[in-house]
Amino acid sequence: MAKNIFVVEDDPNILEVIPLVLNKKDYDFFLCRSIDSFHGAILKRIPDLIIMEILLPGGNVLELCRLLKARLEDSTKILLMSTADYSSFQYADCADEFIRKPFDIEHFRGAVSVLLACHNKVSLN
């Protein structure tokens, strides 16, 4: 069964490159350029992984991730990314991983693989 990967990123170049970097036939990508479009997409299916930019306009991404972690528990893994230096950022309550942009492609792929390997799927029912 294909893994549902939601990418929430306002930079169109990064939004376009992530599916290319993670080119796997068993991944279904849902690309969202805003928090609003993400809200609409997540109502239709539960993501296995959310890759999200921290500094998105239109909402508090960290609070959104905290709510998602509380609601979805271990059913969805969250990878946050940002160009800002969050080296001392404590993300455990809102994400499973943090990667600083620009990122090393192999490190990014490895982080995604690890997160998807420890994923526990739940149903919408």
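What radius of gyration does the protein have, and what would a compact globule with 125 residues have?

## Overall dimensions

The structure described here is a predicted model. The protein has a radius of gyration of 13 Å, which agrees with the value near 14 Å for a compact globule with 125 residues. Along the principal axes, the C-alpha trace spans about 40 × 30 × 25 Å.

Of the 125 residues, 45% are buried. The protein exposes about 6900 Å², and 52% of this area is supplied by carbon and sulfur atoms. Among contacts with a separation of 6 or more, 66% are accounted for by residues 24 or more positions apart. The charged side chains comprise 14 positive and 18 negative ones, and the centres of these two sets lie 5 Å apart.

## Secondary structure

Four helices and five strands make up the elements of the protein. Read from the N terminus, their order is β-α-β-α-β-α-β-β-α.

The C-terminal part of this order includes strand β5, residues 97-100, and helix α4, residues 105-117, with Pro-102 placed in the loop between them. The peptide bond that leads from Lys-101 into Pro-102 is cis, and its omega is near -5°.

## The nonpolar cores

The largest nonpolar core contains 22 residues, and those with the most contacts inside it are Phe-38, Ile-50, Met-52, Leu-68 and Leu-80. At least two residues of this core come from each of β1 (3-8), α2 (35-42), β3 (49-53), α3 (61-72) and β4 (77-82). The largest share, six residues, is supplied by α3.

Ile-50 illustrates the contacts made around this core. Beyond neighbours within four places in sequence, Ile-50 is in contact with Phe-6, Val-8, Phe-38, Leu-68, Thr-76, Lys-77, Ile-78 and Leu-79. Apart from the largest core lies another core, of 19 residues, which includes Ile-5, Val-7, Ile-14 and Leu-15.

## Strand β5: Ile-99 and Arg-100

Ile-99 is found in strand β5. Is this residue, Ile-99, buried or exposed? The relative accessible area of Ile-99 is 3%, and the residue counts as buried because the cut-off is under 20%. With residues up to four places away in sequence set aside, Ile-99 touches Leu-79, Leu-80, Met-81 and Ser-82, together with His-107, Phe-108 and Ala-111. One of these contacts, Leu-80, is 19 residues from Ile-99 along the chain, and the two C-alpha atoms are separated by 6.4 Å.

Arg-100 also has its place in strand β5. The relative accessibility of Arg-100 is 45%, so this residue counts as partly exposed. Arg-100 and Lys-3 are 97 residues apart along the chain, with 24 Å between their C-alpha atoms.

## Helix α4: Val-112

Val-112 is found in helix α4. Its relative accessibility is 0%, and Val-112 therefore counts as buried. Which residues does Val-112 touch, not counting those up to four places away in sequence? The contacts are Leu-22, Tyr-27, Leu-49, Ile-51 and Leu-79. Leu-79 is also touched by Ile-99 and is in contact with Ile-50.

A further distance places Val-112 relative to Glu-97. These two residues are 15 positions apart along the chain, and their C-alpha atoms are separated by 9.1 Å.

## An exposed loop residue: Pro-57

Pro-57 lies in the loop between β3 and α3. At 54% relative accessibility, Pro-57 counts as exposed, because the limit for that class is over 50%. Outside the residues up to four places away in sequence, Pro-57 touches Asp-10 and Ile-35. Pro-57 and Ser-75 are 18 residues apart in sequence, and the distance between them, C-alpha to C-alpha, is 26 Å.

Technical notes:
Residues are numbered from 1 along each chain as its sequence is written. This is a predicted model: local features need pLDDT of at least 70, side-chain atom pairs count only at pLDDT 80 or more; totals for chains, interfaces and linings use all residues. Side-chain values use heavy atoms; hydrogens and water are left out. The radius of gyration is taken over C-alpha atoms; the globule rule is 2.2 Å times the number of residues to the power 0.38. Buried means under 20% relative accessible area, exposed over 50%, partly exposed in between (1.4 Å probe, protein chains only). Contact means heavy atoms within 4.5 Å. Accessible areas come from the Shrake-Rupley method with a 1.4 Å probe; for residues, only the protein chains shown count as cover. Lys and Arg count as positive and Asp and Glu as negative; His and the chain ends are not counted. The place of a charge is taken as NZ of Lys, CZ of Arg, CG of Asp or CD of Glu. A nonpolar core is a set of buried Ala, Val, Leu, Ile, Met, Phe, Trp, Tyr and Cys residues joined through side-chain atoms within 4.5 Å.
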